[in-house]
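User: Could you take a close look at one part of this model for me? I'd like the sheet, and then whatever else helps to place it.

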Amino acid sequence: MDKNKVSIVILAAGKGSRMKSPKAKVIHTICGKPMLYHIIKASQEISNDITVVIAHQKEDVQKQISAYFDNINFVVQDTQNFPGTGGAMKNVAPKNEKVLVLNGDMPLITSDSLKGFLDKEEDIIMSIFDLTNPDGYGRVIIKNTHVQKIVEQKDASADELKVGTVNAGIYAFSKNILEKYIPLLENKNAQAEYYLTDVIAMAKADNFNIFPLLVDETEFKGVNSKKDLSDAEAIMQNKINTRWMNEGVIMQLPATIYIEEGVIFEGECIVENGCRITGKTLIINSHIKAGSVIEDSTIINSDIGPLAHLRPASYVEDTHVGNFVEIKKSTLKGVKAGHLSYIGDAEIDEGTNIGAGTITCNYDGIKKYKTIIGKNVFVGSDSQLIAPVTIEDNVMIAAGTTVTSGTVAKGSLAISRTKLTLIKDFYYRFFDKK
Ligand code: UD1
Ligand code: CA
């Protein structure tokens, strides 16, 4: 694939009013990444010259995208004087003769489907699909297999509204077509906008060749509302899960499992229903049980959950993590933490058992402190470890102990308990009954 043959322009300057959101539409996320991220990623597989047109919330959009990609050209649209998808094309200067223009709200697009626009010779290749409910899309008017024009819904006559063939929102133009017609666009329409889609009728009138490419709705779906956003996410999630099952991951009820783009599995892993796995997580030969949430963590040869929560920067190897255990920024190697614990900013070594209800008290209200626990330590149930604290190898912490800051030396028992007092028949006196 010669990436220097085609330029790509992604339109991402619009307000996206139908999202009803203070945030720009194109940075709403799908499977953990902004919509625009997914489009740029697909684009990068076929082109080295990618321009993103921004305007609405432009600093935010640029910042989010620059976090993932360098060498993207940003162009700012003059939305005051030239609103609309045609106005968005005014200041772009693509390097190559062939220019793919993509709407920035089509996160499901793949590089394979984009390639379909590149092997044809017509002056304009535009994407179409047929819908029983074409609501919201521009209608494509075709006569005797020749595309005549695109009519936006708000400008369409009653007859045109009945047309089910719609503009999917991706076009391949020869550069000369854009140079010729973008400056000639007018805004005499219902929205007083400069429509990129008007280029079609203008080019048709001058006898340029226009090829309508039939595309698959599931890949070219435009996201205009939050409902569309969730529909698109479900489609992408299904693809992600299918890919991992094909790679050997066992999933129970995959439709209930949320796994972000960027998560990696190796070896044989099992993911039970209702899990959420996000960020830069790596899971090797492990079993993630129902209802667990894993964020930016590494899990190797371990079993997690049900209902466990691994927060960012957790590293868990050869370890058993049971229900209601929360781990944050901690390393556990060869450990058992079976029941309801909070383990934060800790390092715990082989053979150590963390009893039910153990809490690392890592925060004093101002700073966070570390808990270091050595090998073969037995931490009894309901213990509090007040960090900074170091517990050396072969230590026993008696149930209910509060270990205050400092070091518990190798081989010791730590026990802090108030003496139990027994008062005979107190119950009967208190409630005044016998
Ligand atoms: C557009 C098409 C419509 C097509 C549909 C497919 C036009 C006029 N209409 O309609 O025919 O069926 O996509 O999904 O092109 N944008 C800008 N600057 C603007 C306005 C929009 O950059 O001034 C960007 C938006 O950020 C968005 C994309 O262009 O990513 C499409 O804009 P949107 O308002 O969603 O267009 P539609 O009404 O969906
Ligand atoms: Ca749209």
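Analyst: Quick definition before we dive in: two strands pair if DSSP finds at least two bridges between them, and strands (E, at least two residues) and helices (H or I, at least four) are DSSP runs numbered from the N terminus. By that rule, β23 (residues 315-317) and β25 (residues 331-333) pair in the parallel sense over three bridges. Within this pair, Glu317 sits opposite Lys333 in β25.

This is a predicted model, where local features need pLDDT of at least 70, side-chain atom pairs count only at pLDDT 80 or more, and totals for chains, interfaces and linings use all residues. Residues are numbered from 1 along each chain as its sequence is written, and side-chain values use heavy atoms, leaving out hydrogens and water.

Zooming out, there's an open sheet of nine strands with parallel pairing, in the order β14-β17-β20-β23-β25-β27-β30-β33-β36. At its edges are β14 (264-266) and β36 (406-408), each pairing on one side only. Neighbouring strands of this sheet are turned by 5 degrees against each other on average, direction ignored; the axes here are lines fitted to C-alpha atoms, with angles running from 0 to 180 degrees between N-to-C directions.

Now for another strand, β8 (residues 139-143), which holds Ile141. Ile141 counts as buried because its relative accessibility is 13%, buried being under 20% relative accessible area (1.4 Å probe, protein chains only). Leaving aside residues up to four places away in sequence, Ile141 touches His146, Val147, Gln148, Lys149, Val151, Glu160 and Val163, with contact meaning heavy atoms within 4.5 Å.

Key. Chains are lettered from A and ligands numbered from 1 in the order in which they are written. Buried means under 20% relative accessible area, exposed over 50%, partly exposed in between (1.4 Å probe, protein chains only).
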